[in-house]
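This report walks through one protein model, from its overall layout to a few local contacts. Please keep the sequence and the 3D view at hand while reading.

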Amino acid sequence: MALAGTVASYGRILSRAGRASLLWSIAQKSSQSASVQQGVLPKTSLSSPPWPEIKLPDPAEEAKHHGELVQKVNEQIADRQYGRLFAVVHFASRQWKVTTEDLILIESHIPAECGDRIRMEKVLLVGAEDFTLLGRPLLGKDLVRVEATVLEKTESWPKINMRFRRKVHFQRKRIMIQPQTILRINTIEIAPVLS
C-alpha cells in the first residue's frame, strides 16, 4: 500500500524509464528490510512457550548423585539413626498414614479376632526424618513390614436416617448401625539394606 502511494506521488514527476528504476530501487529496499526482519522475531506466546526452558542434568552426574543418596540412606538404616518412621498403608479400601502406637478405627469387620496380630502388606510409602521410600505403586513385602493388633470389634452409635414429605403422609425412619474394628499399629520396620 505504501509502495503504491510512493509510486503514484513520484509518477507524475518522473518519466516512464525513471518510474521503472524507482520501482526497482524501492523493491530492493523492501526486500532487504524484510530479510533483516525475518532474522529477528518479537517474543510472543506463539514464538516461545511461557514456561522456562528445562535443562536436563547430565546422566553421569545424576547416577553418581543417586548412588551417594542410596549409600547415605543405607548407612542411616544400618545404624538405625532415622528416628520415628511413618507409613501410608492401604487397608479396608482406604489409605491410612500411620506411625507406631497409632489407633485406627475401621468402619467394617475384618476376619481376625480380638488380640490377633495382622500384617499390613499394601504399603505405599515409608518415610523418616531425612528420607522417604515411595512404592510404584507398592513397596515390596521384603522391604517394609507394618504390623498391627486387633484391639476391639464393636458397633457404632445408632444413626437415624429420617425421610419425611409434608402433606402426603410419607415418613420413613431407618436406624443405621455400622460395624467397627479398632487396630493398634505395633511396629514399622525397614529392611537393613536397600538395593
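Over the ring of which residue does the charged end of arginine 165 sit? The ring belongs to phenylalanine 170, and the charged end of arginine 165 sits 4.7 Å from its centre. The model is a predicted one, and every value below was computed from it.

## Overall layout

The protein contains three helices and 10 strands, and read along the sequence these follow the pattern α-α-α-β-β-β-β-β-β-β-β-β-β. Of the 195 residues in the protein, 26% are buried.

## The four-stranded sheet

Four strands make up an open sheet in the order S2-S1-S5-S6, and their pairing is antiparallel. Strand S2 (94-99) and strand S6 (132-134) stand at the edges, where each has a single partner strand, so one side of each is left without a neighbour in the sheet. From one strand to the next, the twist averages 20°.

Within this sheet, strand S1 (residues 86-91) runs antiparallel to S2 and is joined to S2 by six bridges. Two pairs can be followed residue by residue: valine 88 has lysine 97 in S2 as its bridge partner, while histidine 90 has glutamine 95 in S2 as its bridge partner. S1 and S2 form a hairpin with two residues between them, and in that turn alanine 92 has a positive phi of about 55°. In S2 and its surroundings there is also a contact between a charge and a ring, since the charged end of arginine 94 sits over the ring of tryptophan 96, 4.6 Å from the centre of that ring.

## Pairing around S10

Strand S10 (residues 179-190) pairs with S3 in the antiparallel sense over four bridges, and S10 is also joined to S7 by 11 bridges, again with the two strands running antiparallel. Isoleucine 182 in S10 appears in both pairings: this residue is the bridge partner of leucine 105, and isoleucine 182 is likewise the bridge partner of glutamate 152.

## An aromatic contact between two loops

The structure holds one aromatic pair. The ring centres of tyrosine 82 and phenylalanine 131 lie 6.4 Å apart and the ring planes stand at 85°, so the pair is edge-to-face, given that planes over 60 degrees apart are counted in that class. Tyrosine 82 lies in the loop between helix H3 (59-79) and S1, and phenylalanine 131 lies in the loop between strand S5 (123-127) and S6, so the pair ties together parts that are 49 residues apart in sequence.

Are the two partners buried or exposed? Tyrosine 82 has a relative accessibility of 10% and counts as buried, and phenylalanine 131, at 7% relative accessibility, counts as buried as well; the cut-off for buried is under 20% relative accessible area.

## Backbone features in the loops

Most residues other than glycine have a negative phi, and most peptide bonds are trans. Against that background, several loop positions deserve a look in the 3D view. Glutamate 101, in the loop between S2 and strand S3 (103-106), has a phi near 70°, a positive value in a residue other than glycine. Lysine 167, in the loop between strand S8 (159-165) and strand S9 (170-176), is not a glycine either, yet has a positive phi of about 70°. With a relative accessible area of 77%, lysine 167 is exposed, because the cut-off for exposed is over 50%.

The peptide bond from arginine 136 to proline 137 is cis, with omega near 0°. Proline 137 is found in the loop between S6 and strand S7 (144-155).

## The largest pocket

Rolling a probe the size of a water molecule over the atoms shows where empty space is left. The largest pocket holds about 400 Å³ of space. Its lining consists of 15 residues, and of these Val70, Val73, Thr132, Leu133 and Leu194 lie nearest the centre of the pocket.

Which element gives the most to the lining of the largest pocket? H3 does, with six residues, and both H3 and S6 supply at least two residues each. S6 is thus named twice in this report, as it also stands at an edge of the four-stranded sheet with a single partner strand.

Definitions and conventions. Residues are numbered from 1 along each chain as its sequence is written. This is a predicted model: local features need pLDDT of at least 70, side-chain atom pairs count only at pLDDT 80 or more; totals for chains, interfaces and linings use all residues. Side-chain values use heavy atoms; hydrogens and water are left out. Two strands pair if DSSP finds at least two bridges between them. Axes are lines fitted to C-alpha atoms, for helices over the stretch in contact, and angles run from 0 to 180 degrees between N-to-C directions. Rings of Phe, Tyr and Trp (its six-membered ring) pair if their centres lie within 6.5 Å; planes under 30 degrees apart count as stacked, over 60 as edge-to-face and the rest as tilted. Buried means under 20% relative accessible area, exposed over 50%, partly exposed in between (1.4 Å probe, protein chains only). A charge sits over a ring if NZ of Lys or CZ of Arg is within 6 Å of the ring centre and within 35 degrees of the ring normal. On a 1 Å grid over the protein atoms alone, a cavity is a set of points where a 1.4 Å probe fits but cannot get out, and a pocket is an open set with protein on both sides within 12 Å along at least five of seven lines; lining residues have an atom within 4 Å of a point. Grid points are joined across faces, edges and corners, and a volume is the space filled by probe spheres set on the points.
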